Amino acid sequence: MRGMLAFLALSLVACAEEPEGRTWAVVIGVSAYDRLTADQQLKYAHTDAVAFAGFLQSDAGGAVPSERIHLLVSPPAGGAPPSGAEAATERAVRKAVADT
């Protein structure tokens with residue numbers, strides 16, 4: 001639960017509105033951490049990030065166009081980011097934030 005709250009807080013903080021009303025978002029979901037044991041890993045942060053990005057694209061979420069959403073995920077070991085997402089590396093996060 002704590003991981004989910006941190007994810008949502010990060011997602012909400014990373015949304016930015018430009019003066020003319022265009023919203024940009026950086027949505028990050030990390031399920032695999034190098035320094036955690038298998039039982040400490042988050043199971044669904046990456047899928048929560050994908051779902052939240054989908055919500056942002058819906059009318060209820062503000063109808064943010066996909067080209068203004070940077071979706072960065074780190075699925076469990078061995079998994080690949082889903083279509084439309086990048087791996088959540090430090091470099092990718094810094095670039096996404098700089099581009100918004």
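**Strand β3 and its neighbours**

In this predicted model, β2, helix α2 (residues 45-57) and β3 make a right-handed β-α-β unit.

Student: In what order do helices and strands follow one another along the sequence of the protein?

Tutor: The secondary structure amounts to three helices and four strands. Read along the sequence, these elements give the pattern α-β-β-α-β-β-α.

Student: In which sense do β2 and β3 pair, and which residue of β3 is the bridge partner of Ile-28?

Tutor: Strand β2 covers residues 23-30, and its pairing with β3 is in the parallel sense over six bridges. For Ile-28, the bridge partner in β3 is Leu-72.

Student: Over how many bridges do β3 and β4 pair, and which residue of β4 stands opposite Val-73?

Tutor: Strand β4 comprises residues 86-87, and β3 pairs with β4 in the parallel sense over two bridges. Opposite Val-73 in β4 stands Ala-87.

Student: How many of the six residues of β3 are buried, and which of them point the other way from Ile-69, Leu-71 and Val-73?

Tutor: Buried here means under 20% relative accessible area. Strand β3 spans residues 69-74, and six of its six residues are buried. In a regular strand, side chains alternate between the two faces of the sheet. Ile-69, Leu-71 and Val-73 point one way, and the buried residues that point the other way are His-70, Leu-72 and Ser-74.

Student: What share of the accessible surface of the protein belongs to carbon and sulfur atoms?

Tutor: Of the 100 residues of the protein, 30% count as buried. The accessible surface comes to about 6600 Å², and the share belonging to carbon and sulfur atoms is 57%.

How values were computed. Residues numbered from 1 in each chain as written. Predicted model: local features only at pLDDT ≥ 70, side-chain atom pairs only at ≥ 80, totals over all residues. Heavy atoms only, no water. Buried < 20%, exposed > 50% of the residue type's maximum accessible area, 1.4 Å probe, protein only. Areas by Shrake-Rupley, 256 points an atom, 1.4 Å probe, with all protein chains shown as cover. Pairing = 2+ DSSP bridges. Right-handed = clockwise from strand over helix to strand, strands pointing away.
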